[in-house]
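Colleague: Before I pull this up in my own viewer, can you take me through the labels you put on it? I'd like to hear what stands behind each one.

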Amino acid sequence: MTNHKPTVAAAALIAMAERTEAHATESHTAWVLVGDMESYSRNMREAAALRRAAAEKSVWARREILRNNGIAA
């Protein structure tokens, strides 16, 4: 049995951040209409954490940032 961990390569983290931000931006109007601004805020916090993790040189530090922000790493 192998242990497959999500990638923590900087390029992959940046791509995930961009997708998360794009989704939040596209869904912003709908979330406002239903009164769920927390979803937008949560997605933007996640994207910021992904970018912070991508900026770290150490894989251990990247995984730690992701775990501390509730992102599987």
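Modeller: Sure, and the label to start with is burial: buried means under 20% relative accessible area, exposed over 50%, and partly exposed in between (1.4 Å probe, protein chains only). This is a predicted model, where local features need pLDDT of at least 70 and side-chain atom pairs count only at pLDDT 80 or more, while totals for chains, interfaces and linings use all residues. Residues are numbered from 1 along each chain as its sequence is written, and side-chain values use heavy atoms, with hydrogens and water left out.

Colleague: Okay, so why is Asn 43 called buried?

Modeller: Asn 43 has a relative accessible area of 14%, and that is under the 20% mark, so it gets the label buried. You'll find Asn 43 in helix 2.

Colleague: What makes that a helix in your book?

Modeller: DSSP does: helices are runs of H or I with at least four residues, strands are runs of E with at least two, and both are numbered from the N terminus. On that count the chain has three helices and zero strands, so the order of elements from the N terminus reads α-α-α.

Colleague: And which residues touch Asn 43, once neighbours within four places in sequence are set aside?

Modeller: Thr 20, His 23, Ala 24 and Trp 31, where contact means heavy atoms within 4.5 Å. Thr 20 sits in helix 1. With the same kind of neighbours left out, Thr 20 has Asn 43 on its own list, along with Glu 46, Ala 47 and Leu 50.

Colleague: How do you know that Thr 20 counts as buried?

Modeller: Its relative accessible area is 13%, which is under the cut-off, so Thr 20 is buried.

Colleague: What about Leu 13, what makes that one buried?

Modeller: Leu 13, in helix 1, has a relative accessible area of 1%, so it is buried. Beyond four places in sequence, Leu 13 touches Thr 7, Val 8, Leu 50, Ala 53, Ala 54, Arg 62 and Leu 66. Leu 13 and Leu 50 are 37 residues apart in sequence, yet their C-alpha atoms are 5.6 Å apart.

Colleague: Where does Ala 11 land, buried or exposed?

Modeller: Exposed: Ala 11 has 60% relative accessibility, and that is over 50%, so the label follows. Ala 11 is in helix 1, which covers residues 10-33. Its C-alpha lies 9.8 Å from that of Arg 51, which is 40 residues apart from it in sequence.

Colleague: Why is helix 1 called roughly antiparallel to helix 2?

Modeller: They pack at an angle of about 165°, with axes 8 Å apart. Angles under 35 degrees count as roughly parallel, over 145 as roughly antiparallel, 65 to 115 as roughly perpendicular, and the rest as oblique. The angle is over 145, so helix 1 and helix 2 are roughly antiparallel. By class, their contact has 15 nonpolar, six polar and four charged residues.

Colleague: How do you know how helix 2 (residues 37-55) and helix 3 (residues 59-68) run relative to each other?

Modeller: Same reasoning: the angle is about 165°, with the axes 8 Å apart, so helix 2 and helix 3 are roughly antiparallel to each other too. On the helix 2 side, Ala 49, Leu 50, Arg 52, Ala 53 and Ala 54 meet Arg 62, Ile 65 and Leu 66 of helix 3. Those residues divide into six nonpolar, no polar and two charged.

Colleague: Now the tail. What makes Asn 69 partly exposed?

Modeller: Asn 69 comes out at 37% relative accessibility, and since this falls between 20% and 50%, it is partly exposed. Asn 69 belongs to the segment after helix 3. Neighbours within four places aside, it is in contact with Ala 49 and Arg 52. From Asn 69 to Ala 55, 14 residues apart in sequence, the C-alpha distance is 15 Å.

Colleague: And why is Gly 70 called exposed?

Modeller: At a relative accessible area of 70%, Gly 70 is over 50%, so it is exposed. Gly 70 is also in the segment after helix 3, and its C-alpha is 8.5 Å from that of Glu 46, 24 residues apart along the chain.

Colleague: How many residues does the chain have, and what share of them counts as buried?

Modeller: The chain has 73 residues, and 29% of them count as buried. Its C-alpha atoms fill a box of roughly 45 × 30 × 20 Å along the principal axes. Among contacts between residues at least 6 apart in sequence, 46% join residues at least 24 apart.

Methods:
Axes fitted to C-alpha atoms, helices over the stretch in contact; angles between N-to-C directions. Nonpolar A, V, L, I, M, F, W, Y, C, P; charged D, E, K, R; others polar.
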